[in-house]
Amino acid sequence: QDLTYVKAATTETYDPATGTISGSETNVTVKGIITKLNPKEFRGDYQSTDIKIIIGNSELGDYYPNVRDRLEYGEAGSTRVGRIIDVDIYRGEQAILHILIVRPQ
């Protein structure tokens, strides 16, 4: 499925007068597989609405996902946004895939 991977800004600036954070996010179109979590995978931290998204390393190049990033994906004819809450990387520094646990917002 086509997804939009939203990379958080590498540098952000906080304005205490307005309470806003500014910085540029980067959007990348990637292909991924969306699945449901198996109840055995919950580990006590996940909710039943959380989903698992698997993305190949070639989709993100040298970039490693982190919990500051988000994903946008299609569901039931609309665009949903999910916040990454956990990242598993298969094969360490030479990752071949990224397994992301995403919480729909």
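Two rings of Phe, Tyr or Trp (its six-membered ring) count as a pair if their centres lie within 6.5 Å. With that in hand, let's look at this predicted model.

A search of the whole structure turns up 1 aromatic pair. The partners are tyrosine 5 and tyrosine 63, which sit edge-to-face, with 6.0 Å from centre to centre and 75° between the planes. Tyrosine 5 belongs to strand 1 (residues 2-7), while tyrosine 63 is in the loop between helix 1 (57-60) and strand 7 (70-75), so the pair ties together parts that are 58 residues apart in sequence. Buried or exposed? Tyrosine 5 counts as buried, at 0% relative accessibility, and tyrosine 63 counts as partly exposed, at 22%. Tyrosine 63 has another neighbour too: lysine 7 lies over its face, 4.4 Å from the ring centre.

Now for the charged side chains. The whole structure holds 4 salt bridges, including these:

| Acidic residue | Basic residue | N to O distance |
|---|---|---|
| glutamate 25 | arginine 70 | 2.8 Å |
| aspartate 50 | arginine 103 | 2.9 Å |
| glutamate 75 | arginine 80 | 2.8 Å |

Take glutamate 25 and arginine 70: their salt bridge links distant parts of the chain, from the loop between strand 3 (20-22) and strand 4 (26-31) to strand 7, 45 residues apart. Glutamate 25 is partly exposed at 43% relative accessibility, and arginine 70 is partly exposed at 25%.

Aspartate 50 and arginine 103 also meet in a salt bridge, which joins the loop between strand 5 (33-36) and strand 6 (51-56) to strand 9 (residues 97-104), 53 residues apart. Both of these residues are buried.

As for the glutamate 75 and arginine 80 bridge, glutamate 75 is partly exposed at 36% and arginine 80 is partly exposed at 26%.

Terms used. Residues numbered from 1 in each chain as written. Predicted model: local features only at pLDDT ≥ 70, side-chain atom pairs only at ≥ 80, totals over all residues. Heavy atoms only, no water. Phe/Tyr/Trp six-rings, centres within 6.5 Å; stacked < 30°, edge-to-face > 60°. Helix = DSSP H or I, 4+ residues; strand = E, 2+ residues; numbered from the N terminus. Buried < 20%, exposed > 50% of the residue type's maximum accessible area, 1.4 Å probe, protein only. Lys NZ or Arg CZ within 6 Å of the ring centre and 35° of its normal.
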